[in-house]
Amino acid sequence: MSTVSDLDLPLTPPSPRTRERLRACMDEHYDAVWRALRRFGVPESHVEDAAQQVFIVFSNRLDAVTEGSERAYLYGTAVRVASDLRKRASRSREVPSATAADEHASSDYDAEQLLDARRARVLLDDVLASMPMDLRTVFVLYEFEELTMAQIATSLEIPAGTVASRLRRARELFASSVKALQAGTES
């Protein structure tokens, strides 16, 4: 039995209004979707493709997305795209190359500042990677992407109480992981 994914839907030429709305959403939310995908565990070498996939799905469903809820829809889609990519990556033998952040390093900072920032990103990625995905997703959306609990509940299609419970547990886990890292560096 085959299923039709959002990417398999036929593309019809969008109306000018639809193109404007899509462009506005991409301009406003692309960077946040990129960051969220990265924090959801998508390797940096695949984040651009994953972000494009999120916006392709979004563009195919744009007429069904209520105006004003685009951000929630994009994050919900990003969660699913990241999950699919992680599953595929776990079956793949590909070895990641240099990170996109390293390839596009800004010359506004000296080498020591860039190294410190890189170390901090690696530590954050390690802490996030140690969290169960259900907790990690809620934590990232709330703490980094600044969605409200109601928006997260809508994006993930879960009850608000579940969001609150996962956020509390994620914060506890994050704090204990950071404390363990600090204890490890002090010894």
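Search the whole structure and you'll find five aromatic pairs, where two rings of Phe, Tyr or Trp (its six-membered ring) pair if their centres lie within 6.5 Å; planes under 30 degrees apart count as stacked, over 60 as edge-to-face and the rest as tilted. Take Tyr 30 and Phe 55: their ring centres are 5.9 Å apart and their planes sit at 25°, so this pair is stacked. It links distant parts of the chain, with Tyr 30 in helix α1 and Phe 55 in helix α2, 25 residues apart. Helices here are DSSP runs of H or I with at least four residues, strands are runs of E with at least two, and both are numbered from the N terminus.

Before going on, a word on what you're looking at. This is a predicted model, in which local features need pLDDT of at least 70 and side-chain atom pairs count only at pLDDT 80 or more, while totals for chains, interfaces and linings use all residues. Residues are numbered from 1 along each chain as its sequence is written, and side-chain values use heavy atoms, with hydrogens and water left out.

Back to the rings. Tyr 30 and Phe 55 are both buried, a word that means under 20% relative accessible area, with exposed being over 50% and partly exposed in between (1.4 Å probe, protein chains only). Now look at Phe 58 and Tyr 73: the ring centres are 6.0 Å apart and the planes are at 45°, so this pair is tilted. Phe 58 lies in helix α2 and Tyr 73 in helix α3, so the pair ties together parts that are 15 residues apart in sequence. Phe 58 has 0% relative accessibility and so counts as buried, whereas Tyr 73, at 23%, is partly exposed. Put these four together, Tyr 30, Phe 55, Phe 58 and Tyr 73, and you have one aromatic cluster.

Phe 58 turns up again in the largest nonpolar core, which has 39 residues; Val 33, Leu 37, Phe 40 and Phe 58 have the most contacts inside it. Such a core is a set of buried Ala, Val, Leu, Ile, Met, Phe, Trp, Tyr and Cys residues joined through side-chain atoms within 4.5 Å. Helices α1 (16–39), α2 (44–61), α3 (70–91), α6 (133–144), α7 (149–156) and α8 (160–186) each give two or more residues to this core. Try following Leu 37: leaving aside its neighbours within four places in sequence, its contacts (heavy atoms within 4.5 Å) include Val 42, Val 47, Ala 78 and Val 81.

Next, find Glu 44 in helix α2. At 10% relative accessibility, Glu 44 counts as buried. Its side chain is joined to that of Arg 38 by a polar contact of 3.2 Å.

Finally, helix α6. At 1.5 Å a residue, its 12 residues should span 16 Å, and the end C-alpha atoms are 15 Å apart, which agrees; the expected span is 1.5 Å times one less than the number of residues. Among the buried residues of α6 are Leu 135, Val 138 and Phe 139. Just after α6, Glu 146 takes a positive phi of about 60°. Over in helix α8 you'll meet Arg 169, which is partly exposed at 35%. Setting aside neighbours within four places in sequence, Arg 169 is in contact with Asp 134 and Leu 135.

Definitions and conventions. A polar contact is a pair of N or O atoms within 3.5 Å; within protein, one must be able to donate a hydrogen and the other to accept it, and residues adjacent in sequence count only if both atoms are side-chain atoms.
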